[in-house]
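Have you ever wondered how a term such as "buried" or "edge strand" earns its place in a description of a protein? Let us take some of these terms and test them one by one.

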Amino acid sequence: MLRNRKSRSHKHLVTISPQNRAEEYAHSALDFCRKREQGLPRLPLPIPAELWAEKHLRVKIAVEDLSIYGEGTLGALRPDCRLILIDPITEHHVGLYRFTIAHELGHLAQHKYLRLDRFVDDAGCLSLSESFLSYLEVEANRFAAYFLMPSKDVFEELIRFFGLRGVNPDDYLAMLTFPTDRSLWWWKHRVLPFLTESFQVSLTAMMIRCRTLQVGTHTLLPAQLESEVLAPSGRLSTILQRMYYRRAVNS
Ligand SMILES: [Zn+2]
C-alpha cells in the first residue's frame, strides 16, 4: 500500500481533495490485501481489519493499557516499527475496536512522512466531529471509514438487504434519501441495524458514512434524519411526541 503511494508525485497528490485522498489510500490498501488473498473477487464482510493489517500490511497489533499516555487513550501508533497499540477498553466494543485499528492504519498510510515518534488517540480523536479535530485526525478517521465501509460494498449490502425482502432496491434506495417518517423508520429500525451488523461498525460510524454517500443528487442519509436516527425510540416516546405535536397544533 505505502510502496505504491511513494511512486506518486507530490503535484498529483495536492490536486486530490482530502476526502478523496483518504479514500484512495483506503481503496489501495484494501485492493492490496484482496490481491494477497489469492485475488478474492470481492471484499469479505466485515472487512477483516485486524487480520489483514497483520497478515498483509506488515503491522503488529498489541492490546495493552495505554493510560500512561493519558486517561481515555484508546489507541496509539508507533510508525517506525509499524506497531499499533490498542487499549483493552475498546475490546468490549467491537465497532470501536475495529475503528481504532483502522484509524491508526490511516495515520500510518497517510502521515508516516511526518516522521513523528507516535500518534496517540483518545475518544476525542475518534469522535468523528470533524470541526473539533485536527486535520490529521480528520484524515485518519476518513481513511478508517473508507477502509471499513467501502462505498461499493455499502451499496451492494443495501441492494442485498432490499432483495432479501423482495422489494425493488431502486425504489427503496430512492425512498431512503427523503426525510420522511417512513424513511426514518426504515433507517432506524431496519437499514442501520443491518449495515452495522454486516460491517461490524458502530451506529454512529455507519450513520456518518451513509451521510457521505450519494444517490443521484441526494445524500443517501438525509441530514434532517441524523439526530432522529440516533435518538432513543419506543412506544412511550412516540406517544409523548404525538401528544406534544397535537398540543402545539391545537394551541
Ligand atoms: Zn489519530
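What follows is a set of questions and answers about this predicted model.

Q: What makes up the secondary structure of the chain?
A: The chain has 12 helices and 6 strands. Of its 251 residues, 31% count as buried.

Q: Why is Met 149 called buried?
A: A residue is buried if 20 or more other C-beta atoms lie within 10 Å of its own. Met 149 has 29 other C-beta atoms within 10 Å, so Met 149 is buried. You can find Met 149 in the loop between H6 and H7.

Q: Which residues does Met 149 touch, leaving out those up to four places away in sequence?
A: Met 149 touches Val 154, Phe 199, Val 201, Met 206 and Arg 209. In addition, Ile 47 lies 102 residues from Met 149 in sequence, yet the two are 8.0 Å apart in space, C-alpha to C-alpha.

Q: Why is Gln 38 called exposed, and Gln 200 partly exposed?
A: The cut-off for exposed is 12 or fewer C-beta atoms within 10 Å, and partly exposed falls between that and the 20 needed for buried. Gln 38 has 6 other C-beta atoms within 10 Å, so Gln 38 is exposed. Gln 200 has 19 C-beta neighbours inside 10 Å, so Gln 200 counts as partly exposed.

Q: What makes the phi of Gln 38 and of Gln 200 worth a second look?
A: Most residues other than glycine have a negative phi. Phi of Gln 38 is near 50°, a positive value in a residue other than glycine. Phi of Gln 200 is near 55°, also positive in a residue other than glycine. Gln 38 sits in the loop between H3 and H4, while Gln 200 belongs to the loop between H9 and H10.

Q: How do you know that the peptide bond between Leu 45 and Pro 46 is cis?
A: Look at omega: for the bond joining Leu 45 and Pro 46 the angle is about -5°, and this bond is cis. As a general rule, most peptide bonds are trans. Pro 46 lies in the loop between helix H3 (18–36) and helix H4 (49–55).

Q: How do you know that the span of H9 is close to the expected one?
A: Helix H9 covers residues 181–199, which makes 19 residues. From its first C-alpha to its last, H9 reaches 26 Å, and the value expected at 1.5 Å a residue is 27 Å. Set side by side, the two values are close. H9 also bends, by about 45° at Trp 187.

Q: Which residues of H9 are buried, and what do they pack against?
A: Ser 183, Trp 187, Val 191, Leu 195, Thr 196 and Phe 199 are the buried ones. They pack against helices H6 (135–148), H7 (151–164), H8 (169–176), H10 (203–211) and H11 (226–230). It helps to recall that an α-helix has 3.6 residues a turn, so residues three or four places apart point the same way.

Q: Why are S1 and S4 called edge strands?
A: Start with the sheet: four strands form an open sheet in the order S1-S3-S2-S4, with mixed pairing. Strands S1 (60–63) and S4 (119–122) each pair on one side only, and that makes them the edge strands. From one strand to the next, the twist averages 15°.

Q: How do you know that S2 and S4 pair?
A: Two strands pair if there are at least two bridges between them. S2 (residues 73–78) and S4 have 4 bridges, in the antiparallel sense, so they pair. In one of these strands, S4, Phe 119 is the bridge partner of Leu 77.

Q: Which face of S4 is covered, and which is uncovered?
A: Phe 119 and Asp 121 make up the covered face, whereas Val 120 and Asp 122 make up the uncovered one. Helix H5 (residues 94–111) lies across S1, S2, S3 and S4, running at about 30° to S2.

Q: Where do H7 and H8 meet?
A: Leu 158, Ile 159, Phe 162 and Gly 163 in H7 meet Pro 169, Tyr 172 and Leu 173 in H8. These two helices pack at an angle of about 115°, with their axes 9 Å apart. Their crossing is right-handed.

Methods: Residues are numbered from 1 along each chain as its sequence is written. This is a predicted model: local features need pLDDT of at least 70, side-chain atom pairs count only at pLDDT 80 or more; totals for chains, interfaces and linings use all residues. The expected span of a helix is 1.5 Å times one less than its number of residues. The bend at a residue is the angle between axes fitted to the seven residues ending there and the seven starting there. Two residues are in contact if their C-beta atoms, placed from the backbone, lie within 7 Å. Axes are lines fitted to C-alpha atoms, for helices over the stretch in contact, and angles run from 0 to 180 degrees between N-to-C directions. A crossing is left-handed if the near helix is turned anticlockwise from the far one by less than a right angle, and right-handed if clockwise.
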